[in-house]
Amino acid sequence: MTAGCGAPDQGADLPASTNLEKETVLTGRVVAGGEPVAGAFVRLLDRTGEFTAEVVASENGDFRFFAAPGTWTLRALSRAGNGQATLVADGPGLHRAEVSVA
Amino acid sequence: MSREDVLVTADWAEKNLGTEGIVFVEVDEDTTAYDAGHIPGAVKINWTTELQDPVRRDVVTKEQFEQLLSGKGIGNDDLVVLYGGNNNWFAAYAYWEFKLYGHANVKLLDGGRKKWELDGRTLTTDVQERPTTTYTAQDPDLSIRAFRDEVVNAIGSKNLVDVRSPDEFTGRILAPAHLPQEQSQRPGHVPTAINIPWSKAANEDGTFKSDDELRELYAAEGYDEGKPTIAYCRIGERSSHTWVVLHELLGYSDVKNYDGSWTEYGSLIGVPIELGTGK
């Protein structure tokens, strides 16, 4: 078996095997009042609002998903509050979003 | 089974920390989560290395399970309360495996690590050593475990519940979206399977939805209460979550978890595969 289902490290660096010409990577940071929020639960919801995946943000608030082109909602839950942002990935590559919680 | 036989709340757990005869067990693939902070007194089990055979692709044997629990200091009479990250996926898998080997008294912490953390409850890095025990397991209860031939034979007759995300079900992607996409299998789903993602059974904070909500959810998706059921996902952990819902919370009698799941089925030569929504 290769990777399991545990959340991989959510650092800002992508795995060396990532091919950004083929893969659609959604990445970003959870912030509150402009400051990173560590350890937030970040949920990726698809175009219909359906849950797709969830990761725990890193110490620096970073998160990352391997998805597909489309319109996505990033929803963050944290002790500092909850929040969400919409991200449109128009094709393969790296797509960034910031999610503010309050 | 009632909900109280299967789940404990975070409040109950907090009041029962350190109680004789209750062992809290964190189950994560990512053991760094436990190392960075866990429920006081909890021991950890590594899903990948301790609940699966290290060489063959299979759950651990009865003897390996006995060694594992003895080494963790878990006795046959202990109440084991399992919890973990990923909305209890791996804790649910462990719950299923504890049931497979006949542990009488095992429950899940409703909401797992996520709810515990969001509630701001205590986590510690102190590791409590438990004296070893001599644990005796039962022979595996195969009434809750499905193998590949049963899945093929269930096409068109049993409830086949594919609990992966819609994009995995239709064949757009091969793994959940927080993971790199594997290329070793064919995408798609078992023909006649209904797609009821595990996540629909859980609230945002990781707790299970109410029994009434759950019954409605499955009925609305075409689940037939009168038929036996096989649940599957990619590697058998999300389907354990749904197995807990169907077999333990809702009390349907003939429900099996297919732990080989899509990584096995999608690699088999010659079996039927369906693409798209199947509707």
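How far apart do the C-alpha centres of domain 1 of chain B and domain 2 of chain B lie? Keep that in mind while loading the structure, which is a predicted model.

**Stop 1: the two domains of chain B**

Select residues 3-140 of chain B and colour them as domain 1; then select 143-265 and colour them as domain 2, following the domain assignment. The C-alpha centres of the two lie 23 Å apart. Where they touch, 22 residues of domain 1 of chain B are in contact with 19 residues of domain 2 of chain B.

On the domain 1 side, show α1 (3-6), α6 (89-100) and α7 (112-118) of chain B, the elements that give two or more residues to the side touching domain 2. The largest share of that side comes from α6(B), with 8 residues. By residue type, this side of domain 1 of chain B divides into 13 nonpolar, 4 polar and 5 charged residues.

**Stop 2: the parallel sheet of chain B**

Next, switch to a cartoon view and pick out the strands of the open sheet in chain B. The sheet has 5 strands in the order β1-β5-β4-β2-β3, and the pairing is parallel. Which strands stand at the edges? They are β1 (7-8) and β3 (43-46) of chain B; each has a single partner strand, so one side of each is left without a neighbour in the sheet.

Zoom in on β1(B) and on β5 (residues 106-109) of chain B. This pair runs in the parallel sense over 2 bridges. Select L7(B) and L108(B) together: L108(B), in β5(B), is the bridge partner of L7(B).

**Stop 3: N87(B), in a loop**

Now select N87(B), which is placed in the loop between β4 (79-83) and α6 of chain B. The phi of N87(B) is near 55°, a positive value in a residue other than glycine. Is N87(B) buried or exposed? N87(B) counts as buried because it has 29 C-beta neighbours inside 10 Å, against a cut-off of 20 or more.

**Stop 4: helix α11 of chain B and the residue after it**

Select residues 238-249 of chain B, which make up helix α11. The helix has 12 residues and reaches 16 Å from its first C-alpha to its last, close to the 16 Å expected at 1.5 Å a residue. How many residues of α11(B) are buried? The count is 12 of 12, and the helix is mostly covered. Show the side chains to see what the buried set includes: among its members are R238(B), H241(B), W243(B), H247(B) and E248(B). V244(B), V245(B), L246(B) and L249(B) also belong to the buried residues of the helix.

Step on to G251(B), which follows α11(B) and has a positive phi, near 75°.

**Stop 5: S261(B)**

Move to helix α12 (residues 261-265) of chain B and select S261(B), which lies in it. S261(B) has a positive phi of about 50° although it is not a glycine. This residue is buried, with 24 other C-beta atoms within 10 Å.

**Stop 6: chain A as a whole**

Hide chain B and look at chain A alone. Its secondary structure comes to 0 helices and 8 strands, and the pattern along the sequence is β-β-β-β-β-β-β-β. Of its 102 residues, 42% count as buried. Of the contacts in chain A with a separation of 6 or more, 55% are between residues 24 or more positions apart.

**Stop 7: N82(A)**

Select N82(A), in strand β7 (residues 81-89) of chain A. How is N82(A) classed by its C-beta neighbours? With 16 of them inside 10 Å, it counts as partly exposed. Add A76(A), L77(A) and V101(A) to the selection; these are the residues in contact with N82(A) once its neighbours within four places in sequence are left aside. For a distance check, the C-alpha atoms of N82(A) and G49(A) are separated by 16 Å, and the two residues are 33 residues apart along the chain.

**Stop 8: where the chains meet**

Finally, bring chain B back. The contact takes 26 residues from chain A and 30 residues from chain B. On the chain A side, select β3 (41-45), β4 (51-56) and β5 (62-67), each of which supplies at least two residues. The largest share of this side, 6 residues, comes from β4(A). Colour by residue type: the side of chain A that touches chain B divides into 16 nonpolar, 6 polar and 4 charged residues.

Terms used:
Residues are numbered from 1 along each chain as its sequence is written. Chains are lettered from A and ligands numbered from 1 in the order in which they are written. This is a predicted model: local features need pLDDT of at least 70, side-chain atom pairs count only at pLDDT 80 or more; totals for chains, interfaces and linings use all residues. Helices (H or I, at least four residues) and strands (E, at least two) are DSSP runs, numbered from the N terminus. Two residues are in contact if their C-beta atoms, placed from the backbone, lie within 7 Å. Domain bounds come from an automatic or database domain assignment. Ala, Val, Leu, Ile, Met, Phe, Trp, Tyr, Cys and Pro count as nonpolar, Asp, Glu, Lys and Arg as charged, and the others, Gly among them, as polar. The expected span of a helix is 1.5 Å times one less than its number of residues. Two strands pair if DSSP finds at least two bridges between them.
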